[in-house]
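Visitor: I should like a close look at a single part of this structure, set in the context of the whole. Please begin with the overall make-up and then proceed to the details.

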Amino acid sequence: MNSFLSKYKILPPLSGFILGILLSEYFGNEWILITIVSPVFVAIYLIKPKLGFLIFVPIGLLFSAKPYLQENNVLNFAGKELDIEGVLYKSPESREKGSRLFIDVDRIVIGGKEKHASGKVIMTTEETITGLAYGDRIRVIEAKLRPIRSFQNPGSFDIRRYYERQGVYARGFVPGKEWIISFGKSKGSNSFVHAVDKLRVKFANFVRKKSPFPESEVLNSITIGDQGGIPPELRNEFSEAGIAHLLSISGLHVAAVAFVFYIIIKWILKRSEYLLLRFQAPRLTAALTILPVFIYMFVAGFATPVVRASIMAVVYLVSIVIGREENKLNTLAVSAFIILLWHPWALFELSFQLSFASVLGILLMHRFYPFKLNTFKDKLFTSVKTTFAASFATLPFIVNTFGTISIVSMPANLIAVPFVEFLIVPLGLITFLTFLVSEAVARVFLYGDVFLIKLLILGTKELVKFPLSSLTVPSPSYKTWLVLIPSIIPLLFWKKYHKLRFLLPVFILGFLVTWAFTSLRNPNFGFLEVNFLDASSRNITFIRLPKEKTILIDGGFSKVNMGGFIEQSVVIPYLLKSGVTNINYLILTSLDKDHLEGVKNILQKFKVESIWTNGRKLDGELWGIIRDKGIVWKNILDEKIETLDIEGVEVELLKPEGEFNIKDSSLPYPILVRLIFKEVGLIIGEGITDANAITRLFEFNRGKIQNSVIYFPEVFMKQKGSLDFIRMLSPKIIVTNSALENILKLDNERKLNKYYNSSVFQTDTLGLVTVLTDGKHLQVKTFLDKKVNLIN
């Protein structure tokens, strides 16, 4: 152990620094922790110098400490209409629809008065905004800011914490360019970076104008790092093929640029006898290669992943220059240390984790199975080994984040990586450089690159059509990961302690067994479990029946809400975290465009046996998915859906009988989902949006709706007659997705309890609400309040 630490001296300080970042993230109160631990660790160092790396723990706390919010922070003005003015601190991001502007605010105008303000804001626009670049001063008029809020469900990405780490606390929306005034470059902005970003914006518009969609967006993403416009369905296909990393500038692209220029520069140097006699060719080549890496970083717009990858590349090139390239693990650790000093929160970002995991996997593979590049056979085997090592090392992170194992990942990467890195990326850079001189010349290279990208997209689409090209798997629990983490020990100390190799398969087997046990079993076997998800104003219910079957009600929405597509940012992560890969019944109470677009991802990601829709207005693509996957389809309105008895639970869809006209044809036909399990009844009213439906449903189903639990969304609670409907139901539990006391114009929830004898649970304030029953007793748990509420 001592010899290992003496060889890799940077690892202990790095470990201490990372521990400080983790303490800051999960315990908070950084300044109190720094005050407590600093003297303790200094004392430990004075007593036992070998533990000196612990001094880096308070340093990690210090670098990752969250700043105090000032009184004039824009977050304090959330909910009010105002004008905001500030400087773009990064390049605007193009989206599939609209743009995102990143503003460092320094003043606001509210109520006709100008005030100084601070804080960063993300503004989303419905129209695409062109012509703006890093360093431009802009004013957004008639904006209304809102705090950034995360969905409170198991598996959901904490987007609020993600932005807080970057100093962003609020977001807003304006329709288009009429609401934005540009004052040109700010005086305090870097002129060089501003000029480069202007060229990037101009190049992006040139590509979009002269090439088709989505090839234009792929080229902009790979060349200049503008990846916001890539359509989600294309991302999903690349993810299924295991090559999603090729769609953005990452460590792989930067490494390819460094490798190509290293080879070219080395070839040029070998032509000069003068240089070979006076310099060591590898060291001079490495030094000269640093310049192209920096140029590529400028072209890519200084995006965080690009800068991170450039740091890794430059540190390795410097290690060659100083003759320390043999100790590659130390070089990797130095890169990580520099990046975390620059951005401590990078530790929690997937791109950082994937970059270092893949490089570490390749280094460990080389440690036990050295790479050879002598013959073509050696090079082929080396490519296979590096691809396998990188894929295997990043697999846990891919599974944990996306719940996907790509079966075709190995052949896809072996073909696509060299195709992209040695053809598409260099040609894209040539297109950009020639664009600076002549658009006519650049157009020639552009058409060639677009043709190559067409082949890449076509090949990916064909590859994912193969049966079992990818598998959807549940996300492992934290306990499962704790079993796998110790497997790094035999990998690091295998050569010195040979018997450690026998522990490696034990750890991997333990990981697989605990993963299967914790993910695939029903944790509440014998109980009816109804989960009401926190999805902002959307209404999503997931039901787990007493044995193993499942029902998902309204699980898909394609409309972007709070930073992500609802089915991708809420439903899919929740189901995977809950160990669900099969959905027996999918019920859609509405067939608007958002529902239909969103449900496509659900059908493609999970095995769905049956889908029930509130009407037959399905588009061609959805019909194709239903047909190709052999999914049973039923139209709730066209046919009588009989009461189903599934695992002892009666499932019935209630609707007004006879002719019933809805005032607004865009609204869905009113439907109630009713569940009966022994003595407990539940009513789920996600399809209730018409006031007349309340009376009609009660009239035709009077004897069926005396229930223990009801769930009605915000839109129902705003309808006239909703209070009387609740009184008629007399439920023990009311679940809603909105601030119920405001909608009902009551003082507080206790007043509601007094009149209706009901316990109220709101998903917007409590997160996921889970109702659990054995058919007699009721239990309620919420995501934020972990205690179990027993309802009599």
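**From the whole to the nine-stranded sheet**

Guide: The secondary structure of the protein consists of 29 helices and 29 strands; these are DSSP runs numbered from the N terminus, with helices being H or I over at least four residues and strands being E over at least two. The model is a predicted one, in which local features need pLDDT of at least 70 and side-chain atom pairs count only at pLDDT 80 or more, whereas totals for chains, interfaces and linings use all residues. Residues are numbered from 1 along each chain as its sequence is written, and side-chain values use heavy atoms, without hydrogens and water.

Of the 792 residues in the protein, 50% are buried, a term meaning under 20% relative accessible area, with exposed being over 50% and partly exposed in between (1.4 Å probe, protein chains only). The exposed surface of the protein is about 38100 Å², and carbon and sulfur atoms supply 61% of it; such areas come from the Shrake-Rupley method with a 1.4 Å probe, and for residues only the protein chains shown count as cover. Among contacts in the protein with a separation of 6 or more, 67% link residues 24 or more positions apart, contact being defined as heavy atoms within 4.5 Å.

The part chosen for the close look is an open sheet of 9 strands, with mixed pairing and the order β19-β18-β17-β14-β13-β12-β27-β28-β29. Two strands count as paired if DSSP finds at least two bridges between them. The edges are occupied by β19 (632-635) and β29 (789-791); each has a single partner strand, so one side of each is left without a neighbour in the sheet. From one strand to the next, the twist averages 20°, with axes being lines fitted to C-alpha atoms (for helices over the stretch in contact) and angles running from 0 to 180 degrees between N-to-C directions.

At the β29 edge, β28 (residues 778-782) pairs with β29 in the antiparallel sense over 3 bridges. In this pairing, Leu 778 of β28 is placed opposite Ile 791 of β29.

Further along the sheet, strand β17 (residues 582-588) contains Ile 583. Is Ile 583 buried or exposed? Its relative accessibility is 0%, so Ile 583 counts as buried. Neighbours within four places in sequence set aside, Ile 583 is in contact with Thr 550, Leu 552, Leu 575, Ile 602, Phe 606, Lys 607, Val 608 and Glu 609. Ile 583 and Ile 611 lie 9.5 Å apart, C-alpha to C-alpha, with their positions 28 residues apart in sequence.

For comparison, a second open sheet has 7 strands in the order β20-β21-β22-β23-β24-β25-β26, again with mixed pairing. Its edge strands, β20 (644-646) and β26 (759-762), each pair on one side only. Neighbouring strands of this sheet are turned by 20° against each other on average, direction ignored. Within the sheet, β24 (residues 709-711) and β25 (residues 733-736) run parallel and are joined by 3 bridges, and Tyr 711 stands opposite Val 735 in β25.

The nonpolar cores complete the setting. In soluble globular proteins, nonpolar side chains tend to be buried together. A nonpolar core here is a set of buried Ala, Val, Leu, Ile, Met, Phe, Trp, Tyr and Cys residues joined through side-chain atoms within 4.5 Å. The largest has 70 residues, of which Leu 340 and Phe 352 touch the most other members. Apart from it lies another core, of 32 residues, including Ile 543, Ile 551, Val 649 and Val 735.

Two helices merit attention as well. In helix α7 (residues 215-224), 10 of the 10 residues are buried, so α7 is largely enclosed by the rest of the structure. Its buried residues pack against α6 (191-210), α8 (232-240), α9 (251-269), α11 (281-299), α16 (409-435) and α17 (439-463). Gly 225 follows α7 and has a positive phi, near 80°.

Helix α15 (residues 376-402) bends by about 45° at Leu 395, with Pro 396 following within four residues; the bend at a residue is the angle between axes fitted to the seven residues ending there and the seven starting there. Buried residues in α15 include Ala 389, Ala 390, Thr 394 and Val 399. After α15 comes Gly 403, where phi is positive, near 65°.
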